[in-house]
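Colleague: Please take a close look at one part of this model for me: the largest pocket. Start with any terms I'll need.

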Amino acid sequence: MAMDVLRILKTAAKHTLTFPQVLLHRVKGIEGSHDELVTFFRYFPFATINKDRTVSFSMNGRKVKIFYGDLFPMAAGIFKSGEYDVLPVAGKVVVDIGAAIGDTAVYFPLKGASRVYRYELNRRYFDLAQRNIDLNNFRDKIEIEYCGVSSRKISSSDAILGACVPEQDRQEVDKAPFKTLDDIVKRSEVRDAILKLDVDGFEYEIIRFASRETLRRFSLIFIEYHFGPQDLESKLVEAGFSVENKKITTVVISRHPDEYRNMDIGYILAKRGNC
């Protein structure tokens, strides 16, 4: 009973505190359901949603603008979630696999990254990322490439795409080039860099087929896993990393292919040792 009362009070507070912003944006004719707007302004109380489908807010004393296209404005949520605050990117090169709409492309330079190499398989998200990089004038710090990262070329018929690529975007995957993590490291010649992986199920192949020498080019590796840690920890430990594993949640997604419906989501933070 007490928990139910607390939940009701929290919900009431959330709606009350966000009411001015929600009302203002409704008057402006901003699209989105009431719950979507409440959720957004709960995390971004001083942000603005614009009619051109961008959101604007300040971070580190700088105005940030993110174009979200036909996605929900909370696509900019990484700026408030704190998910990547554990990564000391200042002065570092970051290899960002799973670039999505370019939110981290903007986030990492704002946090002081010297250079960001980004890779995205979804063509639509890649185009959004290009736009967001330009909106925030970070073209000189970011190199973004349309490609998948895996040990093999993935086709539109692969079951895993049902879990990580929206249906309307899957046919485009047949046109995408693919690289391994070894290819990326050789090309960019990164050393003591930070690797961020958020690829909705591709993370296992990327790490399993990377050489020890490639992995040790990174001083820190952040992996968001989606189907349990599997052998990610053992592979990284063998390469001389200390590993922190944090489970976040377990969910069942009914629209996914059978073998990918049960999602065990969490992240691994691996720090390179001296061995």
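Modeller: Sure. I call a residue buried under 20% relative accessible area, exposed over 50% and partly exposed in between, using a 1.4 Å probe and protein chains only. This is a predicted model, so local features need pLDDT of at least 70 and side-chain atom pairs 80 or more, while totals for chains, interfaces and linings use all residues. Numbering runs from 1 along each chain as its sequence is written, and side-chain values use heavy atoms, without hydrogens or water.

Now the pocket (an open set of points on a 1 Å grid over the protein atoms alone, with protein on both sides within 12 Å along at least five of seven lines). The largest pocket holds about 1,300 Å³ of space, the volume being what probe spheres set on the points fill, with points joined across faces, edges and corners. It is lined by 50 residues, and those closest to its centre are Tyr-125, Cys-164, Asp-198, Asp-200 and His-226. Lining here means having an atom within 4 Å of a point. By class, the lining splits into 27 nonpolar, 11 polar and 12 charged residues; Ala, Val, Leu, Ile, Met, Phe, Trp, Tyr, Cys and Pro count as nonpolar, Asp, Glu, Lys and Arg as charged, and the others, Gly among them, as polar.

Among the elements giving at least two residues each to that lining are helices α4 and α5 (123–135) and strands β11 (241–252) and β12 (262–272). These are DSSP runs numbered from the N terminus: helices are H or I with at least four residues, strands E with at least two.

Of these, α4 (residues 103–110) is worth a pause: eight of its eight residues are buried. They include Asp-103 along with Tyr-107, Phe-108 and Pro-109. Just after α4, Gly-112 takes a positive phi of about 100°.

For contrast, go from Tyr-125 to Val-237: they are 112 residues apart in sequence and 33 Å apart in space, C-alpha to C-alpha. Val-237 sits in helix α10 (residues 232–238) and counts as partly exposed because its relative accessible area is 49%.

Don't mix the pocket up with the cavity (points where a 1.4 Å probe fits but cannot get out). The whole structure has one of 30 Å³ or more, with a volume of about 40 Å³. Helices α7 (181–188) and α8 (203–208) each give it two or more lining residues; the lining includes Asp-182, Glu-205 and Phe-209. By class, that lining has four nonpolar, three polar and two charged residues.
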